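Trainee: Please walk me through this structure, and let me ask for the reason behind each term as we go.

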Amino acid sequence: MRKNKLKAAYTEITAEAGIETALHGGRAKCLQRLIRLDMPVPRTLALSFDAVHEVAQGRPLDTRGMLAAFGDGPLVSVRPSSEDPDWGGPGAILNIGMNDARHAALSETIGAEAASALYVRFIQAYAVHVARLDSDGFGGGEAAPAEALPGLLETYQEETDEPFPQDPARQLADVLRAMARAWEGTSARLLRQARGAPADAGLGLVVQRMALGIGNGESGSGVIQFIDEQTGAHLIKGRYLSQSQGRDALIDRSKALFLTRDERGASMEEGCPDHFRALVGYGETCRTRLREEMQIEFTIEDGSLYILDAVRVQRSARAGVRVAVALAEDGIITRQEALMRVEPRALADLLHKQVDPDSPRDPILRGLAASPGAARGRVVFSAMAALASDARGEPCVLVRHETAPEDIRGMHAASAVLTERGGMSSHAAVIARGLGLPCIVGVSDMSLDVRDKRLSAPDGRIFCEGDMITIDGSSGEVLAGEAKLLEPALDGWFKKLLSWADTARDIGVRANADTPADARTARMFRSDGIGLCRTEHMFFEDDRLTVMREMIFADTSEDRAAALERLLPMQRTDFIELFEIMQGRPVCIRLFDPPLHEFLPHSREGMREIAAALDLPMSDVTRRVEALAEFNPMLGLRGVRLGITVPEIYDMQARAIFEATVAVGRQGTEVAPEIMIPLVSARREVELVKARVDAVASAVAAAEGAEFGYRLGVMVETPRAALRAGDISVNSAFLSFGTNDLTQMTYGLSRDDAGRFMNDYVNKEVYPEDPFHTLDVEGVGELLRIGAERGREKKADLILSICGEHGGTPESIRFCRSVGFDYVSCSPFRVPVARLAAARLAIADADGTGGEG
């Protein structure tokens, strides 16, 4: 039984037609807008998503009736029209309706060569994309010359055992069916899902009368746009090619004309001045009326100009910011809309160097893109080698199995970091993001031989110390040699957009900053303060490390205090510099957190160096190192537990903080430091530390003859701390949730080891996302919600924040706003992303749209 034809499946696109993006796709809707703006768009029919789906299922269309809408013997094109142009779709097919009879008729009017060129183009497209024949027999993907027509017709008949279809209605039906089925195929579905499309995204199709571009008089085709897609700067860009169709002008640039006057050759502005002026006018109309920078595809047919299509100019993040700000400054869109047009994560491309997308790439390895940006450097395999390379002024890439605290100085010296193991919250990833270093972790297919100083790629290539590589931390690719890089774009457009974001957002954004350099970066990105200063990173400098080790090897409290007394002026200087840089903005300092064994070497050579430096027997050094070893250091003697059992450390740090506060206050800058106790799980821990900190504050105030304020709070990193937040908040001015450790303890999962299997877990839908990369709202988030509610039940003015690596993601900021947090804190280079994300969320809430941030 024959299926009924779809009679109402298509709609002519007119100014009044009921065309909707959600039903017919973005291209169909854009064409209607162009028609409403009185642009010369050829007659066009639109097929809805539902109609295209029915065609894919085999239901026939009344294609004869469709062709009748275009008059006698029309030639038409078919183009895809998805809801979002970024989702892609099948390629356009031109000159549908060409057959032997039409070829003969056109040969009389436009000449045999032009008619053959139109026919050849259609045969090639039909054979490959509709009949699914091997492209090798039809030009191999290259445009065939007009004289190839007889051979192509013969090849088609040989391949299919039938002549090339002559019925235009059948041709159109076949093309529509092929494009509809291509969209619903598995490969196309996976590809568009990777671009953010839902699995069931629909496809519309537009059927348009051909403006030939080949024939008598001035005929040709071209593309024009009015901005540079890399920078966003205003300029006219594109090409025009006589006797061509579609986007040929961009393919055959050697024969194409420039658009504007150019000393390198002829231009459309000189050859077709009236059409050029009209196109410039259409571009300005698109900008002001469609409120977007558009790329216009046009055709000239025997002296008449036609607009075939207009699409949003594909642009870099840098250009996107400039275009959004410029449109707002010109009054075309509002500042709020400008903010909503820029994706927060796109800002990462502006903050760092990037690999030039137009340059050649020679990928050798791939891993997790842990910290964005790109850098080139010579391979080194140790922190010492990185420091030596830096001293010579040579950029280097530090390559390790995984990094540890003793590698931090080497990371500071390196241009980028590459590790074999680790995940998004591994030591290397966290430190690299804080430093703004490009970093790739979890490169499991890399074979690393640190002793022989070489790494092997899967393709067999070997790179030795001193060989040049490029790290693309934005894509996770390691490239051989020196790739071409683009500079960061922290220009006036970027700064203006973020200044608008600050007026719109309703949650604070601080930075995690451990060093003066971090603090300066935080100030440069206009953070609201420092939300986490990890003081242990200050002890790994050579002069301090030796004193720290003396303290560790001290046998009595008095000896420990004496060693720490030597560290006191160093810590005080650190804090003075931080306070001076932040100029009165809040600075939250976390007291010493790591286990002491992290400051000790584990090799015999390292132990011998300590024995010599401290004038101790080797046996004493070995015994102390063994005594401090722990089965599970993350859950051992660290954080507040160390502060209670070795209280001299926290006493020294509190004294350094308060003395720095007084010193900077005397310079005229009022400072109210925030002191944070790490790894708390019980109320009594807070009471014990608070008593000693208060006593130190009183002693410093008396000794200095000065008054100062400070806040004492808790870093909530254990599930018990979240559950007992009501008790803990009694002695706390703030609770700051450290989601890195809290996620580890909630999942019972090491962030440094998770990278080995996390991809499998996500692919098999055990976890929807890597919980160290995206905040687990259901599990860890529930602990945050409980902690916030119970804390504020006991203390209404309790300040709440998040200071883990999750703090800079739009998803985490959305959650923190919903729970009522006061601020988020993240790596300095994530501050702009967080500022924009917070603003977009506030705008979306005000509009009632619940945006993505």
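Mentor: Gladly! Let's begin with a hairpin: β8 and β9 form one with 2 residues between them, and Asp-302 in the turn takes a positive phi of about 50°. Keep in mind that this is a predicted model, where local features need pLDDT of at least 70 and side-chain atom pairs count only at pLDDT 80 or more, while totals for chains, interfaces and linings use all residues. Residues are numbered from 1 along each chain as its sequence is written, and side-chain values use heavy atoms, leaving out hydrogens and water.

Trainee: What makes β8 and β9 a pair?

Mentor: Strands are DSSP runs of E with at least two residues, helices are runs of H or I with at least four, and both are numbered from the N terminus. Two strands count as paired if DSSP finds at least two bridges between them. β8 (residues 294–301) and β9 (residues 304–312) are joined antiparallel over 8 bridges, so the condition of at least two is met. One of the partnerships sets Ile-300 against Leu-305 in β9.

Trainee: What pairs with β8 in the antiparallel sense over 5 bridges?

Mentor: That is β6. Ser-221 stands opposite Thr-299 of β8.

Trainee: Why is β8 called mostly covered?

Mentor: Buried means under 20% relative accessible area, exposed means over 50%, and partly exposed lies in between, with a 1.4 Å probe and protein chains only. In β8, 8 of its 8 residues are buried. In a regular strand, side chains alternate between the two faces of the sheet. Here Met-294, Ile-296, Phe-298 and Ile-300 lie on one side, with Gln-295, Glu-297, Thr-299 and Glu-301 on the other, and all are buried.

Trainee: Which strands run parallel to β28?

Mentor: β27 (residues 711–716) is joined to β28 by 3 bridges, and β29 (residues 799–802) by 4. Phe-737 links the picture: it is the bridge partner of Val-716, and it stands opposite Ile-802 in β29. As for burial, Phe-734 and Ser-736 point one way from β28, Leu-735 and Phe-737 the other, and all are buried.

Trainee: On to helices. How do you know that the length of α13 agrees with what a helix should span?

Mentor: The expected span is 1.5 Å times one less than the number of residues. For the 13 residues of α13 (residues 317–329) that gives 18 Å, and the end C-alpha atoms are 18 Å apart, so the two agree. Just after α13, Gly-331 has a positive phi of about 75°.

Trainee: What makes α13 largely enclosed by the rest of the structure?

Mentor: The count does: 10 of its 13 residues are buried, so that description follows. Among them are Val-321, Val-323, Val-325 and Leu-327. These buried residues of α13 pack against β6, α12, α14, α15 and α19.

Trainee: Why does His-352 count as buried?

Mentor: Its relative accessibility is 7%, and that is why it counts as buried. His-352 sits in the loop between α15 and β10. Contact means heavy atoms within 4.5 Å. Leaving aside neighbours within four places in sequence, the contacts of His-352 are Pro-372, Gly-373, Gly-436, Leu-486, Pro-488 and Phe-829.

Trainee: What makes a space in the model a cavity?

Mentor: On a 1 Å grid over the protein atoms alone, it is a set of points where a 1.4 Å probe fits but cannot get out, and lining residues have an atom within 4 Å of a point. Grid points are joined across faces, edges and corners, and the volume is the space filled by probe spheres set on the points. A search of the whole structure finds 3 cavities of 30 Å³ or more. The largest has about 90 Å³, and its lining includes His-412, Asp-518, Arg-534 and His-537. α17 and α18 are the elements giving two or more residues to that lining, with α18 supplying the largest share, 4 residues.

Trainee: How many residues of that lining are nonpolar, polar and charged?

Mentor: Ala, Val, Leu, Ile, Met, Phe, Trp, Tyr, Cys and Pro count as nonpolar, Asp, Glu, Lys and Arg as charged, and the others, Gly among them, as polar. The lining of the largest cavity divides into 4 nonpolar, 4 polar and 3 charged residues. The second largest cavity holds about 60 Å³, and Thr-299 is one of its lining residues.

Note on methods:
1 Å grid on protein atoms, 1.4 Å probe; cavity = no way out; pocket = protein on both sides within 12 Å on 5 of 7 lines; lining within 4 Å.
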